[in-house]
Amino acid sequence: MNNNLKNKLLIFWRGWGYSIVVALIIAMSFRSAIAEFNDVPTGSMKPTILEGDRLFVNKLAYDLKVPFTTYHITCWGHPERGDIVVFFSPEDGKRLVKRVIGLPGDTIAMSANQLFINGKAVTYESPDQETISHLPPDQRSDHIFFSENIFGKKHSLMITPGRPSLNTFGPLLIPEGQYFMMGDNRDNSADSRFFGFVDRNLIVGRAIGIFISLKRDEHYLPRWHRFFQGLS
């Protein structure tokens, strides 16, 4: 490298390079500690969340963490039943998106896809037709759709009759500091029924909306009707 080029690089670094590096560090720290986007590769949360949805994750929903770690600086809240959260799997460390079903101290049980929390049966109502309409027609057959009402919090779910699944278990007592997660696609979701309880420190944040949505099986064409949609 000749002296002329070295001098130009030195001038650039002194003028802009340091500022660019600092800006990148700040931006990455913001993404790690405050908010970020999360891609959804599987259908375990259908019909609420589809493959190809890109979720906005509020990482300040419950606490403030040291950037790039799971260490809590301060905490002002905890996940509630019905929240959709992003967390690290206790089994292999992969990032997952599921719904909080059980809180610390709860007793959870299920019988033939009928959920019981602390001995009380969860109620099921007619499904939200708008949510179901977002599924392609060929994905609506062979499934039954409901609106699950967890003590006042409603969300859509689907079951697949005839598909082998762990739809009966418990009762299980959730330890302190642990949570029980399940997918809305009840008969096709690897969740706490398989990998166990999720420690509070493994929860990244709350998924609050869909930023964009792309059809993975159709050359990533956009699903315009799902852009900027809230989640419940």
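Helices and strands here are DSSP runs, numbered from the N terminus, with at least four residues for a helix and at least two for a strand. On that footing, the chain of this predicted model comes out with three helices and 18 strands.

Some whole-chain numbers first. Of the 232 residues, 40% count as buried. The chain exposes about 12500 Å², and 60% of that area is supplied by carbon and sulfur atoms. As for who touches whom, take the contacts with a separation of 6 or more: residues 24 or more positions apart account for 58% of them.

Now to one of the sheets. Strands 10, 11 and 12 make up an open sheet of three strands, in the order 10-11-12 and with antiparallel pairing. The edges belong to strand 10, covering 123-125, and strand 12, covering 153-159; each of these pairs on one side only. Going from one strand to the next, the twist averages 40°. As a general point, strands of a sheet pair through backbone hydrogen bonds, in either a parallel or an antiparallel sense. Strand 11, which spans residues 144-150, pairs with strand 12 in the antiparallel sense over seven bridges. Within this part of the sheet, F146 stands opposite L157, a residue of strand 12.

The aromatic side chains are next. The structure holds nine aromatic pairs. One of them joins W224 and F227: the ring centres sit 5.0 Å apart and the planes meet at 40°, so the pair goes down as tilted, since that label takes whatever is neither under 30 degrees (stacked) nor over 60 (edge-to-face). The two partners differ in cover. W224 has 63% relative accessibility and therefore counts as exposed, the cut-off for that being over 50%. F227, in contrast, has a relative accessible area of 15% and is buried, because buried means under 20%.

F227 also pairs with F228, this time edge-to-face, at 6.2 Å centre to centre and with 80° between the planes. F228 itself counts as exposed, because its relative accessibility is 61%. F227 is thus a buried residue that has aromatic pairs with W224 and with F228.

These three rings are part of a wider group. F37, F56 and F211 join W224, F227 and F228 in one aromatic cluster.

Conventions:
Residues are numbered from 1 along each chain as its sequence is written. This is a predicted model: local features need pLDDT of at least 70, side-chain atom pairs count only at pLDDT 80 or more; totals for chains, interfaces and linings use all residues. Side-chain values use heavy atoms; hydrogens and water are left out. Rings of Phe, Tyr and Trp (its six-membered ring) pair if their centres lie within 6.5 Å; planes under 30 degrees apart count as stacked, over 60 as edge-to-face and the rest as tilted. Buried means under 20% relative accessible area, exposed over 50%, partly exposed in between (1.4 Å probe, protein chains only). Two strands pair if DSSP finds at least two bridges between them. Axes are lines fitted to C-alpha atoms, for helices over the stretch in contact, and angles run from 0 to 180 degrees between N-to-C directions. Contact means heavy atoms within 4.5 Å. Accessible areas come from the Shrake-Rupley method with a 1.4 Å probe; for residues, only the protein chains shown count as cover.
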